[in-house]
Amino acid sequence: MQTTPHWSLEQLPDMDGAQFRQWQALLETRTGVCVSEQRRAYLQTSLGARMRELGIRDYQAYYDHVTRGISGALEWSALVEWLTVRETSFMRHRASFDCVARFLDQRRAADDQRPAQFWSVGCASGEEAYSLAIIMEQSLAANGHERRDYGVWATDISQHALDQARAGCYSARRLGGLTDAERGQWFEQLQDGQYRVTPALRDRVCFTRLNILELAQAPIRDLDIIFCQNLLIYFRRWRRRDLLNQLATRLAPGGMLVIGPGEIMDWNNPLLERVPDERVQAYRRRNSMECLE
Ligand SMILES: C[S@@+](CC[C@H](N)C(=O)[O-])C[C@H]1O[C@@H](n2cnc3c(N)ncnc32)[C@H](O)[C@@H]1O
């Protein structure tokens, strides 16, 4: 397909209903993200930005390009960067991180010495994953533990977000959710005014690309904490339930799944019990003996 790769400021025509439905279906099939009619303008703007970059003005021609062959697959991975909402921050929902801290206290009180494994699902540019590592470090320091046996998996569909996450450099504005003490301990200020996560924290987190629709193929299991916030809200309810059921099986016995408050209302799973704290939406995996009772 012939394209003119340059930025054009020329306005694209509005999508018609059929074009919207075609693009809406493609996005949902490939990422799970469901763009409602009310967010049609968002889809058009994001798609339009990429089309203007390529010098394409016709939604149908671009759709045909994206859905055909190897070059279409490559273009799709570029387009995903325009279509995903990657807003995030450190300690975004503090109460959820406090809940993780209490979980770690209980684990220690039970003298559980196993290495802890965390998973930030839909980690965007890494703030959530690093926040989990900070909580773990705080728990270890509070209890005078020398052994630092833990790791954080962090996955996202966006390669660009993962590159940012691995670099671990953030503007001061992005550190807003942290206390001064946390900022001072876990970041070094660079000459350009950015803050970089210290190597001690960065080395704990493994960032890797994963489309959550391909969860079944991910070899990540036996997690103590699965943190999945502000990802499933873009998905249909049946898909949220289905993915949460799959995530539940990835928890180690006693492990905890933390989602965003109100992200799903009518869901429960026999493997799990709700954590009795109304500030958070978190579930503990029962020990296998409890499931038999
Ligand atoms: C709004 S951010 C949430 C970031 C973080 N969890 C938080 O709560 O601050 C949603 C993230 O989900 C990612 N995402 C969207 N669809 C995805 C999919 N199918 N598989 C994996 N990640 C996806 C986006 O790239 C984006 O980084």
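# Tour of the ligand site and two pockets

Start with the ligand and select its neighbours: 20 residues surround the ligand, counting any with a heavy atom within 4 Å of it. The closest are Thr31, Thr88, Arg92, Asp156 and Asn230. This is a predicted model, in which local features need pLDDT of at least 70, side-chain atom pairs count only at pLDDT 80 or more, and totals for chains, interfaces and linings use all residues. Residues are numbered from 1 along each chain as its sequence is written, and side-chain values use heavy atoms, with hydrogens and water left out.

Next, show the backbone of three residues.

- Threonine 31: a backbone N or O atom lies 2.7 Å from a nitrogen atom of the ligand.
- Glutamine 229: a backbone N or O atom is 2.9 Å from a ligand nitrogen atom.
- Isoleucine 157: a polar backbone atom is 3.2 Å from a nitrogen atom of the ligand.

Of the 610 Å² of accessible area that the ligand has on its own, the protein covers 98% (Shrake-Rupley method, 1.4 Å probe).

Now hide the ligand and select Val85, Gly122, Asp156, Asn230 and Leu231, which lie nearest the centre of the largest pocket. A pocket here is an open set of points on a 1 Å grid over the protein atoms alone, where a 1.4 Å probe fits, with protein on both sides within 12 Å along at least five of seven lines; lining residues have an atom within 4 Å of a point. The largest pocket has 32 lining residues and a volume of about 460 Å³, taken as the space filled by probe spheres set on the points.

Finally, select Arg107, Asp112, Met136, Leu140 and His145, nearest the centre of the second largest pocket. Its volume is about 250 Å³, and 17 residues line it.

Key
A polar contact is a pair of N or O atoms within 3.5 Å; within protein, one must be able to donate a hydrogen and the other to accept it, and residues adjacent in sequence count only if both atoms are side-chain atoms.
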